[in-house]
Amino acid sequence: MLDDTRAGGVRPADCTLVIPAYNEERRIRSLLEDVSGFRGKLVFVCDGTDATAEIVGTFAEAHPSLSIRCLAFPARLGKGGGVVAGMAAAETPFVGYMDADGSTALSEMERLFDRLATADGAIGSRWVEGSVLPVRQGFRRRVESRLFNLMVKAFFGLGYRDTQCGAKVFRKDALREVLSSIRSTGFEFDVELLWRLRRSGYRVEEVPITWENRDESKVMTSDAKAMLLGMIRLRFG
C-alpha cells in the first residue's frame with residue numbers, strides 16, 4: 001500500500017497507472033472493479049475493434065470520484081505503442097503500467113509505486129526469490145520465457161530475470177528522457193525501455209511479485225517470433 005505519511009514517500013495522487021486494453025470487453029469489467037480502489041489516476045488505452053472503450057467510458061461516468069481517462073485509437077498500436085501513448089498522456093511524477101488480464105493485483109502495483117521513493121523504476125518479477133505464483137504458466141510458456149531471457153542478456157546485457165512481467169512503474173522524469181527514442185511497438189517494448197533507461201544511467205529495481213497466470217494470453221507464437229526479430233533489429237539494425 002502506498003504510504004502517505006513517510007517522509008519522501010510516494011503519494012497516491014502523484015501516480016498514474018496505464019492499462020493497455022486491446023479487445024478486452026470480456027474481462028475489462030472485472031478489472032475495472034479491481035482497480036477502482038486506486039487513489040491515483042487511471043489511463044486506459046483502447047485500440048481494438050470491440051466495445052472496450054465504451055465499457056470503460058460508461059464505468060467512468062458511473063464513478064465520477066475516480067480519475068479515469070480512456071484513450072481510444074482507430075488502429076492497432078501494439079503493446080508497446082499503447083503503453084507509450086498512455087505514458088505520454090500521464091501528467092503525474094510517477095507512471096506505471098499493468099496488463100489488462102488481472103494477473104497482477106492492484107496491491108502489488110501500489111507496492112511497486114512505493115519503491116519509487118528511492119529508485120527510478122521498479123519492475124515486478126516472477127523469477128526472483130520471494131515471488132509468489134498461485135497459478136503458474138504452462139511448461140511451454142515457462143521454457144519460452146527462460147529462453148527469451150537468455151537472449152535478452154546476450155543481446156542487451158540486461159541482468160533482470162524477468163523483463164516481460166506486465167507490472168512496471170517509473171519516475172516520469174526518467175521516462176521523459178527515453179520515450180522519444182523508443183522504436184518498439186510490440187511485446188519487445190519492455191526490453192527496449194529497460195535498456196534505454198539503463199544506458200541513460202537510471203536505476204531500475206527488480207522486485208519479487210505475487211502474480212497469478214490468467215487464461216487467454218494475447219501473446220501468440222507469431223508474437224514471439226516478432227519479438228525476437230524486433231530485438232535483433234533494435235540491437236543490430
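This is a guided tour of a predicted model, stop by stop, with something to select at each one.

Before you click, a word on the ground rules: residues are numbered from 1 along each chain as its sequence is written. Because the model is predicted, local features need pLDDT of at least 70 and side-chain atom pairs count only at pLDDT 80 or more, while totals for chains, interfaces and linings use all residues; side-chain values use heavy atoms, with hydrogens and water left out.

**Stop 1: strand β1**

Select residues 15-20, which make up strand β1. Helices (H or I, at least four residues) and strands (E, at least two) are DSSP runs, numbered from the N terminus. Six of the six residues of β1 are buried, so the strand is largely enclosed by the rest of the structure. Buried here means under 20% relative accessible area, exposed means over 50%, and partly exposed is in between (1.4 Å probe, protein chains only). Colour the two faces separately if you like: C15, L17 and I19 sit on one side, T16, V18 and P20 on the other, and both faces are covered.

Now bring in the neighbours. Two strands pair if DSSP finds at least two bridges between them. Strand β4 (residues 94-98) pairs with β1 in the parallel sense over four bridges, and C15 stands opposite F94 of β4. Strand β2 (residues 41-46) also runs parallel to β1, joined to it by five bridges. Pick L17 and you'll find L42 as its bridge partner in β2. To get from β1 to β2, the chain goes through helix α1 (residues 28-35), and this β-α-β crossover is right-handed. That label applies if, with the strands pointing away from the viewer, the path from the first strand over the helix to the second runs clockwise.

**Stop 2: the loop after β1**

Select N23, in the loop between β1 and α1. Its phi is near 50°, a positive value in a residue other than glycine. For context, most residues other than glycine have a negative phi. N23 counts as partly exposed, at 26% relative accessibility.

**Stop 3: helix α3**

Go to residues 78-89 for helix α3, whose twelve residues reach 17 Å from the first C-alpha to the last. That is close to the 16 Å expected at 1.5 Å a residue, the expected span being 1.5 Å times one less than the number of residues. How many of its residues are buried? Ten of the twelve, so to speak of α3 as mostly covered is fair. Among the buried ones are G78, K79, V83, M87 and A89.

**Stop 4: strand β6**

Select residues 167-171, strand β6, where four of the five residues are buried, so the strand is largely enclosed by the rest of the structure. β4 comes back here: it runs antiparallel to β6, with five bridges between them. Strand β5 (residues 121-125) is antiparallel to β6 as well, over three bridges. Click F170 to see both contacts: V95 stands opposite F170, and G121 stands opposite F170 too.

**Stop 5: salt bridges**

The structure holds ten salt bridges, each a side-chain nitrogen of Lys or Arg within 4 Å of a carboxyl oxygen of Asp or Glu. Here are some to show as sticks:

- D14 and R11 meet at 3.0 Å, N to O. D14 counts as buried at 18% relative accessibility, whereas R11 is partly exposed at 45%.
- E192 and R196 meet at 2.7 Å, N to O. Both lie in helix α7 (residues 189-199), four residues apart, about one turn of the helix, and both are buried.
- R203 and E205 have their closest N and O atoms 2.9 Å apart. R203 is partly exposed at 40%, and E205 is buried at 16%.

After that last pair, select K79, K168 and D190, which are joined into one network by salt bridges that share partners.

**Stop 6: a nonpolar patch**

Finish on the surface with F139, V143, L147 and L150, a nonpolar patch with about 420 Å² of accessible area together. Areas come from the Shrake-Rupley method with a 1.4 Å probe, and for residues only the protein chains shown count as cover. Patches take residues with over 30% relative accessible area and no salt bridge; like charges are joined within 9 Å, nonpolar side chains (Val, Leu, Ile, Met, Phe, Trp, Tyr) within 5 Å. V143 belongs to helix α5 (residues 139-156) and is partly exposed, with a relative accessible area of 34%.
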